[in-house]
Amino acid sequence: MPAPKAIAIIPARGGSKRIPRKNIKPFNGRPIIAYSIDAALGAGCFAEVMVSTDDDQIADLAREAGALVPFTRSEENSNDFANLAEVCREVLEQYNNLGKQFEFVCCILPTAPFVSAERLKQGYDLLLSSDCDSIVPVTNFSYPAQRAVRIDDSGKMAMIWPEHYLSRSQDLPPSYHDAGQFYWIKSKSLLEQMRFFAKNSQAIVLRQMEVQDIDCLEDWELAEIKHKLLHRA
């Protein structure tokens, strides 16, 4: 049975400059947003799976994939500077006006074809069983972040942390980054802190094969290759 007080919010505005129509662009033959909707529906822990959008075509495709689009996103939260936390707060307020409240929120990105129902359920169970405010999936950097370098406008390079110039990679603790897939958070914590990396957060560590940032067409092509490998028969 779906959890009575959990909602999946998939924010998918129409505008996208680096990859036009990114949120519904075909990914290995399907609109990319369909993967996020499928995972949410398959997780079995949501009372509502909804898409927040300002775009009629996205709304139609979302409904075809099985999500709800009960209202249109405001113009204020549909520009290039729209904040995910603000978008989710707006959704909670709109549902509240309809007499519906949710104790837990899972914000699932619309361009996350590697997200799975199993990982969403894992995050939900962890949120229920811990005293955390939020659950964030992460993956490790493939190279020690402590040995990162910066390059200035003239092309000159310098280490960000020069104290690690002689450090061996195997001696440095692993560093992690946001996997860019979903964020579980208690509604109360979201409304109070207005961020998904809440003050009391816990991580789910994903394999690098489960993660791919998609910011340009090269990223997109690499993601399709990884996705095919991950889901090959």
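Modeller: A charge sits over a ring if NZ of Lys or CZ of Arg is within 6 Å of the ring centre and within 35 degrees of the ring normal. This is a predicted model, in which local features need pLDDT of at least 70, side-chain atom pairs count only at pLDDT 80 or more, and totals for chains, interfaces and linings use all residues. Residues are numbered from 1 along each chain as its sequence is written, and side-chain values use heavy atoms, without hydrogens and water.

Biologist: Happy to start there! How far is R30 from the ring centre of Y35?

Modeller: R30 is placed over the face of Y35. K226 is likewise found over a ring face, that of F114, at 6.0 Å from the ring centre. For R30 and Y35, the distance to the ring centre is 5.2 Å.

Biologist: Rings also meet rings, of course. How many aromatic pairs does the structure hold?

Modeller: Rings of Phe, Tyr and Trp (its six-membered ring) pair if their centres lie within 6.5 Å; planes under 30 degrees apart count as stacked, over 60 as edge-to-face and the rest as tilted. With that rule, the number of aromatic pairs in the structure is 9.

Biologist: Which geometry do Y95 and F102 show, stacked or edge-to-face?

Modeller: The ring centres of Y95 and F102 are 5.3 Å apart. Y95 and F102 are each buried (under 20% relative accessible area, with exposed over 50% and partly exposed in between; 1.4 Å probe, protein chains only). Their planes meet at 85°, so the pair is edge-to-face.

Biologist: Now for Y183 and F197. How many residues apart are they along the chain?

Modeller: Their rings form a tilted pair, with 6.5 Å from centre to centre and 55° between the planes. Y183 belongs to strand β10 (residues 182-186), while F197 is in the loop between α5 (187-193) and β11 (201-205). Helices (H or I, at least four residues) and strands (E, at least two) are DSSP runs, numbered from the N terminus. The pair links distant parts of the chain, and the separation of Y183 and F197 is 14 residues.

Biologist: Which of these two partners, Y183 or F197, is the buried one?

Modeller: F197 has 45% relative accessibility, so F197 counts as partly exposed. At 7% relative accessibility, the buried partner is Y183.

Biologist: Which residues are linked by ring pairs into a cluster?

Modeller: Here the ring pairs join up into a group. The residues linked in this cluster are F46, F104, Y124 and W184.

Biologist: On to charges. How many salt bridges are there?

Modeller: Side chains of opposite charge can pair when their charged atoms come close. A salt bridge here is a side-chain nitrogen of Lys or Arg within 4 Å of a carboxyl oxygen of Asp or Glu. By this rule the count is 12.

Biologist: How far apart in sequence are D215 and R18?

Modeller: The side chains of D215 and R18 form a salt bridge, at 3.6 Å from N to O. D215 is partly exposed, at 26% relative accessible area, whereas R18 is exposed, at 63%. D215 is in the loop between β11 and α6 (217-230), and R18 is in the loop between β1 (6-11) and β2 (26-27). The sequence separation of D215 and R18 is 197 residues.

Biologist: And E210 with R119: how many residues lie between these parts in sequence?

Modeller: E210 and R119 form a salt bridge, their closest N and O atoms being 2.8 Å apart. E210 counts as buried at 8% relative accessibility, and R119 also counts as buried, at 19%. E210 is in the loop between β11 and α6 while R119 is in helix α4 (residues 117-129), so the pair ties together parts whose distance in sequence is 91 residues.

Biologist: What separates D125 and K121 in helix α4?

Modeller: D125 and K121 share a salt bridge, with their closest N and O atoms 2.9 Å apart. D125 is partly exposed at 33% relative accessibility, and K121 is partly exposed at 31%. They are 4 residues apart in helix α4, so what separates them is about one helical turn.

Biologist: Last, the strands. Is β6 joined to β11 in a parallel or antiparallel way?

Modeller: Strand β6 (residues 134-140) is mostly covered, with 6 of its 7 residues buried. Strands pair if DSSP finds at least two bridges between them, and β6 runs antiparallel to β10, joined by 2 bridges. I135 stands opposite Q202 in β11. There are 5 bridges between β6 and β11, and their direction is parallel.

Biologist: Which residue is the bridge partner of T139 in β9?

Modeller: Strand β9 (residues 176-178) runs antiparallel to β6, with 3 bridges between them. In β10, I135 has W184 as its bridge partner. In β9, the partner of T139 is H177.
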